[in-house]
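User: I would like to go through this protein chain step by step, beginning with its general build and ending with its interior. Could you take me through it with careful reasoning?

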Amino acid sequence: VSVEIGECVTSIGDSAFYGCSGLTSIDIPNSVVRIGQFAFISCRGLTSCTIGSGIAYIENLAFYYCSSLQSITVRATTPPLLGDDVFYGTNNCPIYVPSNKVSSYKSAWSDYSDRIQAIP
C-alpha cells in the first residue's frame with residue numbers, strides 16, 4: 001500500500017502511521033516541514049521513503065524500526081534537524097540526498113554519515 005499525501009499538508013503528526021505494517025512506500029510532498037515523533041515507527045512493510053524539499057524537522061523515532069526500508073531519499077538542500085534515533089533499526093539502508101549537499105548532510109547527521117549518498 002502506498003499513501004499519497006496532498007500538497008496542502010504541512011506536518012505529519014505524532015504517531016500518524018504508527019505500526020502501519022501494510023504501508024510499503026511513502027512520498028512526502030515538498031509542503032511538509034515537520035514529521036512528528038513516532039510518525040512511522042514500526043512500519044515494518046515500508047520499503048521506500050522519499051521526503052520532499054521543504055522538510056525542516058524530523059522528530060524523535062520518526063522511522064524507528066522500519067526494518068524493511070531499502071532506501072530513504074531526502075530532497076531538502078539544507079539538512080533537516082533530527083530528533084533522537086530517527087532512522088534506528090532501518091536496515092542500514094542508504095540515505096540519498098542532493099549530490100552537492102552530501103558533505104553537509106554527513107556533518108549534520110553524523111550518526112548516519114556512513115549511509116549518506118548522492119541521489120542517483
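User: How many helices and how many strands does the chain have?

Analyst: Please keep in mind that this is a predicted model. From the N terminus on, the elements run β-β-β-β-β-β-β-β-β-α-β, with the helix placed just ahead of the last strand. Counted over the chain, that gives one helix and ten strands.

User: Why can the chain be called as compact as a globular protein of that length?

Analyst: The C-alpha trace spans about 35 × 30 × 25 Å along its principal axes. For 120 residues the globule rule gives 14 Å, and the chain is as compact as a globular protein of that length because its radius of gyration is close to this, at 13 Å.

User: What share of the 120 residues is buried?

Analyst: A residue is taken as buried when its relative accessible area is under 20%. By this cut-off, the buried residues of the chain make up 42%.

User: Which residues touch the most other members of the largest nonpolar core?

Analyst: In soluble globular proteins, nonpolar side chains tend to be buried together. Here the largest nonpolar core holds 33 residues, and those that touch the most other members are Ile28, Ile35, Phe40, Ile58, Phe63 and Val74.

User: Which elements give two or more residues to this core?

Analyst: Both kinds of element take part, since strands and a helix are listed as giving two or more residues. They are strand S3 (25-28), strand S5 (48-51), strand S7 (71-74), strand S9 (95-97) and helix H1 (102-108).

Conventions: Residues numbered from 1 in each chain as written. Predicted model: local features only at pLDDT ≥ 70, side-chain atom pairs only at ≥ 80, totals over all residues. Heavy atoms only, no water. Helix = DSSP H or I, 4+ residues; strand = E, 2+ residues; numbered from the N terminus. Rg over C-alpha atoms; globule rule 2.2 N^0.38 Å. Buried < 20%, exposed > 50% of the residue type's maximum accessible area, 1.4 Å probe, protein only. Core = buried A, V, L, I, M, F, W, Y, C linked by side-chain atoms within 4.5 Å.
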